[in-house]
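Here are some exercises to work through with the model open in your viewer. Try each task before you read on to its solution.

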Amino acid sequence: MSPARTYRHLFTPLRVGPLTLANRIVFCAHLTNYAEEGAPTDRHAAYYAARAAGGAGLIITEEHSTHPTDHPYEKLIRGFDPAVVEGYRRITRAVHAHGVPVLAQLNHNGGQASSMYTRLPVWAPSPVPDPLFREVPKAVEEHEIAEIVEGYARTARHCALGGFDGVELQCSHSSIVRGFLSPAANRRTDRWGGPLENRARLLLELVRAVREAIGPDLALGVRLCGDELIEGGTVLEEAVRTARMVEATGAADYINTSIGSATSTLHMIEASMQVPPGYAMYVPSAIREAVELPVVGVGRFKDPLQADRALAAGQADLIGVVRGQIADPEFAAKARTGRASEIRTCLSCNQECVGRMGLNRWLGCIENPEAGREAERGPVPLPAPRRRGRRVLVVGGGPGGLQAAASAARRGHRVLLYERERRTGGQIVPAASVPSRAELLDLVRNLAAEAARYGAELRTGVEADAGMLLAERPDAVVLATGAVPQAPWWAGGHPRVVDVRDVLGGAAEPRGRVVVFDELGFHQAASVAELLADRGCAVEVVTPAMSVGQDLGVTLDLEAAAVKAHAAGTVWSTDRICTGAERAEGGGVLLRLQHHPTGAEETRSVDWVVCAVHQRPDDALWTELRRAGPASGARFDVHRVGDCLAPRRAHSAVIEGHRAVMAL
């Protein structure tokens, strides 16, 4: 079926104020941490240009701060500073080169900010501390509200000078405007608080001031929170009324939408795979029924057909696809040209996009090793290899091996991959078998399809050894042989102390009372605990850390894990280390623990213990090849990638698989 018949709405043009968009796909505003010293960089320009080249209908850049009191994180763009204009021009020139309009988002984060960078009090409508930043803000006075309005207007003028096609006012998940709109944050009794008409006053003044600043020829959008999902906060009915007020000004050209508050309910703004796709579409749907302005809908859109169906259902006029276009900048172009099956679909794992932001690192992607590095590679997707047509052997079909095979084949090399199992995927396959993690399998499915598409040969069920590799006489070998479980020192050889991989692979089937020991602080323990609880086990998760799965906080999975654990009756016990395991009556395990803050000794008498602990590199083949050495006549380079080099997470394997073949 042709793309025109498959996507009846997605690739139709739409008039948005003074702009005509070629399609309905929006690359909405999101943080990147690419700024340097408050200024946009060449990295920004290349990043946004790649998505414009990939066919997005509209680009909206990350927020630009409108006032010196607003500095919630280090790598913020200081839009109020005239020095940003030249950087703006680099961004707009790069995007406009592909015929795509680009807007700048304007924002003051208000009480969702920090005084750490400014040494100034945080401004907000009322002295209500944000639960993440935990600072009591200064309630802004009349003259300071006037400063805020002028700051937005000044920043808007900078954006106009910088060549942007318009601006969007961030009034949703992290904004002083959201604070004024929210009954939970706005406790004022003057003309800026109380009834919604008063709480919306700042927003309406900003709309008028910014429109005056940019004139009639640039677009102006407003992004509203439809439901804060917090007690006493903004609800959908008020959001709809606010949208009507914005439309009544006659100054706005579209409404963008959001859900949640960027601190209290952040896990619902950038929802992980634990949350169904399209979960937030009730917000734009309700607003669209109330206004004539075009409305943007967001909510974990993974594929173009899902987006087209939302448009067909009348839920929105435009669809925001952010993580989908981070994972694959050509998301739109591939769909438009009938290549939707080639789209590298987003996993919604949040590991290298949202998660890196939380760690103050620049934005990347677990699936796309070039995300954030567009400026380094220049206009050519993959630089030419030193010599084309080299014979490359890859051993191991997990993420690292598949990425190596795909990248090498794309560069014109002859690639053969060996995988000992009957299917590719490595540890991703069992990891994707647990509740709410099935989408993780897209990682290896996408990579295997890409490798095959570019001509790599994938042989499964084949155990490669040194003799086989030497006989093939390759030019290069990439070893991605992974890692193997190892029993912790305290296990004492007990047969019922097993690894999570034993459980997920079916080698062990725990029953009854089970302790899951979480030494890794990620999905392994929480996921297998959920699986065992579903099977009827009484589960306790024990960890030396302050929280079970503590790294799930940065991927926004911790809230869902905690809710599900509570519902299943799973107990979380923190600050405890294992010191020994002995045989108990009936073949069970007497597990010895120590509460390390106090030194108190504890025991658990259970049927099984499942360990989420560090693995050992499976580097036997590497050792075998090294021993063969020059005496074997080997004349090829050998690269180790991923867990066989050092056991880590999937992104490291993907990056190293790509990096290894880029050096060929």
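**Exercise 1**

Leaving aside its neighbours within four places in sequence, which residues is Arg51 in contact with?

Solution. Keep in mind that you're looking at a predicted model. Start by finding Arg51, which sits in helix H2. Next, check its surroundings: with sequence neighbours within four places set aside, Arg51 contacts Phe27, Ala56, Ile59, Gln325, Ile326, Pro329, Asn368, Ala371 and Glu374. Take one of those partners, Ile326: it is 275 residues from Arg51 along the chain, yet the two C-alpha atoms are separated by 8.0 Å. Last, look at accessibility. The value for Arg51 is 0%, so this arginine counts as buried.

**Exercise 2**

Work out how helices H8 and H9 are oriented relative to each other, and say which residues make the contact.

Solution. Two packed helices are described by an angle and a distance, both taken from their axes. For H8 (residues 236-248) and H9 (residues 282-290), the angle is about 45° and the axes are 9 Å apart. That angle makes the pair oblique. The crossing of H8 and H9 is right-handed. Now for the residues: H8 brings Leu236, Val240, Ala243, Arg244 and Glu247, while H9 brings Tyr282, Val283, Ala286, Ile287 and Ala290. Sort them by class and you get eight nonpolar, no polar and two charged residues.

**Exercise 3**

Stay with H8 and describe the setting of Met245: is this residue buried or exposed?

Solution. Met245 belongs to helix H8. Its relative accessibility is 17%, and since buried means under 20%, Met245 counts as buried. Leave out residues up to four places away in sequence, and Met245 touches Leu196, Glu197, Ala200 and Leu204. For Ala200, the distance from Met245 is 45 residues along the chain and 8.3 Å between C-alpha atoms.

**Exercise 4**

Now do the same helix analysis for H15 with H17: what are the angle and the distance between their axes?

Solution. H15 (residues 399-410) and H17 (residues 442-453) pack at about 30°, with 8 Å between the axes. An angle under 35 degrees counts as roughly parallel, so that is the label for H15 and H17. Their crossing is left-handed. On the H15 side, the contact uses Pro399, Leu402, Gln403, Ala405, Ala406, Ala409 and Arg410; on the H17 side, it uses Leu443, Val444, Leu447, Ala448, Glu450 and Ala451. By class, that gives 10 nonpolar, one polar and two charged residues.

**Exercise 5**

One more helix pair: decide how to class the orientation of H3 and H4.

Solution. H3 covers residues 85-96 and H4 covers residues 142-161; the angle between them is about 50°, and their axes are 8 Å apart. The two are therefore oblique, with a right-handed crossing. Val85, Tyr88 and Arg89 of H3 meet His158, Cys159 and Leu161 of H4. The classes here are four nonpolar, one polar and one charged.

**Exercise 6**

How many disulfides does the structure hold?

Solution. The count is zero. Try Cys28 as a test case: the closest cysteine sulfur belongs to Cys346 and is 14 Å away, which is too far for a bond. Cys28 is also buried, at 1% relative accessible area. Then go to Cys353, which is in no disulfide either; its nearest cysteine sulfur is that of Cys349, 6.2 Å away. Cys353 is buried too, with a relative accessible area of 12%.

**Exercise 7**

Look at the backbone of Asn33 and Asp575, and say where each residue lies.

Solution. First, the background: most residues other than glycine have a negative phi. Asn33 goes against this, with a positive phi of about 60°. You'll find Asn33 in the loop between S3 and H2, where its 6% relative accessibility makes it buried. Asp575 has a positive phi as well, near 60°, and lies in the loop between strand S21 (571-573) and strand S22 (576-583).

To finish, go back to the loop between S3 (25-27) and H2 (42-53), which also holds Thr41. Thr41 is buried, at 10% relative accessible area. Apart from residues up to four places away in sequence, Thr41 touches Tyr34, Ala35, Glu36 and Arg90.

How values were computed:
Residues numbered from 1 in each chain as written. Predicted model: local features only at pLDDT ≥ 70, side-chain atom pairs only at ≥ 80, totals over all residues. Heavy atoms only, no water. Axes fitted to C-alpha atoms, helices over the stretch in contact; angles between N-to-C directions. Helix = DSSP H or I, 4+ residues; strand = E, 2+ residues; numbered from the N terminus. Parallel < 35°, antiparallel > 145°, perpendicular 65-115°, else oblique. Left-handed = near helix turned anticlockwise from the far one by under 90°. Contact = heavy atoms within 4.5 Å. Nonpolar A, V, L, I, M, F, W, Y, C, P; charged D, E, K, R; others polar. Buried < 20%, exposed > 50% of the residue type's maximum accessible area, 1.4 Å probe, protein only. Disulfide = S-S within 2.5 Å.
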